[in-house]
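Welcome, and please open your viewer. We will go from one selection to the next, with a short note on what you will find at each stop.

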Amino acid sequence: MTKRSAVILLSGGLDSLVSLAAALKGYDSTPGEGNCADGYDVRLALTFDYGQRAAEDEIKASAEICRHYNINHRVIELPFLGEISNSALNSKDAELEFETLGKESARAVWVPNRNGLFLNIAASFSDVFGYDAVIIGANKEEAQTFPDNSKEFCRKTEDAFKYSTNSHPKVYAPLADLEKYEIINLAVELNVDFRLLKSCYNGSNGTYDSAKGTFRHCGACESCKRLKSAILKSGNKDLIKLLF
């Protein structure tokens, strides 16, 4: 039986990397919602450059991931999104260190309609090339502060594709019911190579820590704080030394 095909939104971060590994193996935390037990044939990964300070790192990490999994990779430039956004992610001078995780820090890094725009662009590729699904790293933990990571958002967007596309792709979010620490544990179970990971809002100009063979993580931005907390809660403490 031919596997169903898919395009994935890939940033190089934890959620998109593990979503890719999960899709290839057919894992889904929400059975019946876009699930494909035999796994997806992921044919294309899209990485977006909207002027975020970590764009260079995200592109490089995503390219490495695609080489590792032998997937075609394309970078989509959206300069207008950075121009109209007040997000700290797009400001070279903005402070990205947060004392707490929550709605205030979420607002600081909010990019208007980011996931909606990304999913719709991916759906355009699906419509042209006949992909069966668009994969996104939406998850339960981030949905609490970022509503465009919720299962409801994914369902509504999938419904909209019934009107805006001929191919009607599924929106496949294999991590939708998982907290971050559960995503870490799943990554370990799926033998994900954490050296491919770049899950930091602060860019490091594409540089690696040559001794570790990994991207540098600042340890202070919201994404890094979530990642650190998840690693500690998962019990995989050795990953702290690897990534930070």
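## First stop: an exposed loop residue

Begin by selecting Asn191, which counts as exposed at 65% relative accessibility. Asn191 sits in the loop between α8 and β6 (208-209). If you show backbone torsions, you will find that its phi is positive, about 60°, although Asn191 is not a glycine. Most residues other than glycine have a negative phi.

His168 is a good companion selection. Its phi is near 50°, again a positive value in a residue other than glycine. Look for His168 in the loop between α7 (151-164) and β5 (170-172). With a relative accessible area of 43%, His168 is partly exposed.

## The whole chain

Now zoom out, and keep in mind that this is a predicted model. Colour by secondary structure and you should find ten helices and seven strands. The chain has 244 residues, of which 55% count as buried. In a contact map, residues 24 or more positions apart account for 72% of the contacts with a separation of 6 or more.

Next, colour by pLDDT. The mean for the chain is 87, and 84% of the residues reach 70 or more. Then select residues 94-103, where pLDDT stays under 50. The model has 26 contacts beyond four places in sequence for this stretch. Where pLDDT is low, the predicted coordinates should not be read in detail.

## A buried lysine

Which helix holds Lys180? Select helix α8, residues 180-189, and you will have Lys180 in view. Is Lys180 buried or exposed? Its relative accessible area is 5%, so Lys180 is buried, the cut-off being under 20%.

Show the side chains here: that of Lys180 makes a polar contact with the side chain of Asp15, at 2.7 Å. To see the surroundings, add the residues that Lys180 touches beyond four places in sequence: Leu14, Asp15, Asn139, Glu141, Glu142, Arg226 and Ala230.

## Aromatic rings

Select the Phe, Tyr and Trp side chains next; the structure holds five aromatic pairs. One of them is Tyr50 with Phe118: the ring centres are 5.9 Å apart and the planes are at 50°, so the pair is tilted. This pair links distant parts of the chain, 68 residues apart, with Tyr50 in the loop between β2 (41-49) and α2 (55-69) and Phe118 in helix α5 (residues 114-129). Tyr50 and Phe118 are both buried. Add Phe48 to the selection, and you have one aromatic cluster of Phe48, Tyr50 and Phe118.

Move on to Phe129 and Tyr131, an aromatic pair that is stacked, with 5.9 Å from centre to centre and 25° between the planes. Phe129 counts as partly exposed at 48% relative accessibility, whereas Tyr131 counts as buried at 8%.

For one further ring, select Phe244 together with Lys228. The charged end of Lys228 sits over the ring of Phe244, 5.0 Å from its centre.

## Last stop: cysteines

How many disulfides are there? With a disulfide taken as two cysteine sulfur atoms within 2.5 Å, the count comes to zero. Select Cys221 to see a case of this: its nearest cysteine sulfur, that of Cys224, is 3.7 Å away, and Cys221 is in no disulfide. Cys221 counts as buried, at 0% relative accessibility. Finish with Cys154, which is buried too, with a relative accessible area of 6%.

Notes:
Residues numbered from 1 in each chain as written. Predicted model: local features only at pLDDT ≥ 70, side-chain atom pairs only at ≥ 80, totals over all residues. Heavy atoms only, no water. Helix = DSSP H or I, 4+ residues; strand = E, 2+ residues; numbered from the N terminus. Buried < 20%, exposed > 50% of the residue type's maximum accessible area, 1.4 Å probe, protein only. Polar contact = N/O pair within 3.5 Å; in protein donor to acceptor, adjacent residues only side chain to side chain. Contact = heavy atoms within 4.5 Å. pLDDT = per-residue confidence, 0-100. Phe/Tyr/Trp six-rings, centres within 6.5 Å; stacked < 30°, edge-to-face > 60°. Lys NZ or Arg CZ within 6 Å of the ring centre and 35° of its normal.
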